[in-house]
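Biologist: Could you take me through the surroundings of the ligand in this one, slowly and residue by residue? Once that is done, feel free to wander outward to whatever else catches your eye.

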Amino acid sequence: MISVDELRSSFKGQVTTDGDTDYDISRWAKSAVRKAKYVAYPVDAEDVSKAILFARANNLELAICGGRHSTAGASSSEGGLVIDLGKKMNNVRIDAEKQLAYVQGGARWGAVDEASMKHGLVALGGVVSDTGVGGLTVGGGYGWLTGEHGLVVDNLVSATVVIASGEILIASETENADLFWGIRGGGSNFGPVTEFVFKLHKQRSDVYFTELVFASAKLPQILDEVEGWLKDQCPKEATHLAFAGGPDGSPCVVLFGFYNGSFEEGEARFGRFAALGPLLNKTRSLPYPEINNVLEFSIGENRLFRGAFLPKFDKKVISRIDAARQKLVAEYPSTAKSTLVLELYHFGKVSSVPIDATAYPGRHGNSNIGMVFEWSDESLSSQARQISKSVMGDITDEETSGYGNFCDADVGRGKDRVMEQFGSNYTRLAIIKRKYDPENVFHRWFAITPA
Ligand SMILES: Cc1cc2nc3c(=O)[nH]c(=O)nc-3n(C[C@H](O)[C@H](O)[C@H](O)COP(=O)(O)OP(=O)(O)OC[C@H]3O[C@@H](n4cnc5c(N)ncnc54)[C@H](O)[C@@H]3O)c2cc1C
């Protein structure tokens, strides 16, 4: 046994417990908060290793925390030890000459954008600057630049991982290649990544961005127009359709359009939507990092993510998203802030990589549907999973698993659900899990059973 005092005496960072000033278990979603016995804030991989060994010696559950956005509680632990990388391991270093970003495991995407864009370079990251690099990367990773550069995992060059034995390993195509394969989509199953090295791309400074808010009655015309736009969608552009409540609560559809080019080029592609008569039109050129600040969410509400794949652009199914949301809000008014999003990226680059090239399984050209199920009536907390499931059931014809980072509602649902999530990549993941985490120490996300 190692005592906490022994751990503290050799720890360069901080080990806190309830009552300490810096003990912080807050999360993006209030419903994901769990009362950890210890929250450790390491400063480097050696600290992380010590925290793992301490937790294992004391039979404490381990959770890894990056940007705190999991709504499943995957980065939290009731009574265990949280390795929170976000406080003291969030540095970003750019090697402009080699076009590489060295990003510590607790950094957020905004910091990566800011550091890289000073050099006219960009890493493919998520669409909200506040989300963590850690969870978004190990789960796969989509962003506005996915059409041009693929998934975040496709841009990962190497990583430093601290495995369950406490060893600090480099994972890349040439070192521990199986581990490198596993962390590119296998989530937090293999241990904390203390540093990611990403490929950077040349990026123009200003990009085109449009936000058009429509009354949801316009949905049929919007979908006809989107169908036309999709026919010659190019890798530089993407659309999100968000189904939400407007300022007065009435249902609306928000079309976000991104074009990695000039205002004129963007208008040539997206002007067609403004012609449909939106209630609100915010169209402009913005510095690239700022488009990742457009989508803002308050922090600390009850929220649960649920995801599904949309196999093809099916207007009937998409119309059901709007109808299902309206039905939900009519039945449970405290869910009025719930939002559903359909992400329409160009999938050429993503699907050019074979499904077995990385652990990430969702490369079949399907669009993501993501639901942020939000509720203020606390009495709904115990039913959130079930209610959100029935909303998704109203939309999709059959139960399809979705992008893992949007499937929080199904985390912890047992081995069959985990196998479904990873599909044909599960068998290899289980073998790699046996090698690097045979006792399933890292089990807070879709936990792979060691083979
Ligand atoms: C507002 C919002 C916007 C989003 N936008 C996008 C988007 O544009 N694209 C996209 O692909 N996804 C997006 N997501 C989903 C997002 O990818 C997941 O929520 C992701 O888990 C967030 O990671 P995090 O580090 O912030 O969360 P955390 O809660 O800290 O962690 C989530 C999971 O990742 C693990 N983890 C975190 N850091 C590390 C690390 N360094 N090493 C190993 N495991 C780690 C945790 O253990 C946990 O299992 C969004 C989510 C939200 C809430």
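Modeller: Here is a walk through the ligand shell, followed by a few spots elsewhere in the chain. Keep in mind that this is a predicted model.

Let's begin with who sits around the ligand. There are 33 residues around it, and the ones that come nearest are I64, G66, S75, Y142 and Y403. Sorted by class, the shell holds 17 nonpolar residues, 15 polar ones and one charged residue.

Now for the polar atoms. G135 has a polar backbone atom 3.0 Å from an oxygen atom of the ligand. With L136 it is again the backbone, where an N or O atom lies 3.4 Å from a ligand oxygen. N405 uses its side chain instead: a polar atom there is 3.1 Å from an oxygen atom of the ligand. As for cover, the ligand on its own has 950 Å² of accessible area, and the protein covers 97% of that. Two elements give two or more residues to the shell, namely β3 (62-65) and α4 (133-138). Of the elements, α4 gives the most, with four residues.

From here, S75 makes a handy bridge. It is one of the residues that come nearest to the ligand, and R27 touches it too. R27 lies in the loop between β1 (14-17) and β2 (38-41). You might expect an arginine in a loop to point outward, but R27 has 5% relative accessibility, so it counts as buried. Leaving aside residues up to four places away in sequence, R27 touches A32, V33, C65, R68, S75, S76, V82, I299 and G300. One of these contacts is polar: the side chains of R27 and S76 are joined at 3.1 Å. The R27 side chain also has a polar atom 3.5 Å from the backbone oxygen of I25. And for a sense of how the chain comes back on itself, R27 and G73 are 46 residues apart in sequence, yet their C-alpha atoms are 8.5 Å apart.

S129 is another loop residue to look at, in the stretch between β7 (121-122) and α4. Its relative accessibility is 15%, so S129 counts as buried. Beyond residues up to four places away in sequence, S129 touches R108, W109, G110, N292 and N293.

Next, helix α14 (residues 426-436). Its buried residues are Y426, L429, A430, I432, K433 and Y436. They span an arc of only 165° around the axis, so they fall on the same side of α14. T427 and K435 are exposed on the other side of α14. What do the buried residues of α14 pack against? Their partners are β9 (168-172), α6 (177-183) and α13 (415-422).

Two asparagines round this off, and both link to what we just saw. N176 lies in the loop between β9 and α6, and those are two of the elements that the buried residues of α14 pack against. N176 is not a glycine, but its phi is positive, at about 45°. Its relative accessible area is 28%, so N176 is partly exposed. N440 is in the segment after α14. Its phi is positive as well, near 55°, again in a residue other than glycine.

Definitions and conventions: Residues are numbered from 1 along each chain as its sequence is written. This is a predicted model: local features need pLDDT of at least 70, side-chain atom pairs count only at pLDDT 80 or more; totals for chains, interfaces and linings use all residues. Side-chain values use heavy atoms; hydrogens and water are left out. Buried means under 20% relative accessible area, exposed over 50%, partly exposed in between (1.4 Å probe, protein chains only). The arc is that of the directions from the helix axis to the C-beta atoms. Contact means heavy atoms within 4.5 Å. A residue is near a molecule or strand if one of its heavy atoms lies within 4 Å of it. A polar contact is a pair of N or O atoms within 3.5 Å; within protein, one must be able to donate a hydrogen and the other to accept it, and residues adjacent in sequence count only if both atoms are side-chain atoms. Accessible areas come from the Shrake-Rupley method with a 1.4 Å probe; for residues, only the protein chains shown count as cover. Ala, Val, Leu, Ile, Met, Phe, Trp, Tyr, Cys and Pro count as nonpolar, Asp, Glu, Lys and Arg as charged, and the others, Gly among them, as polar.
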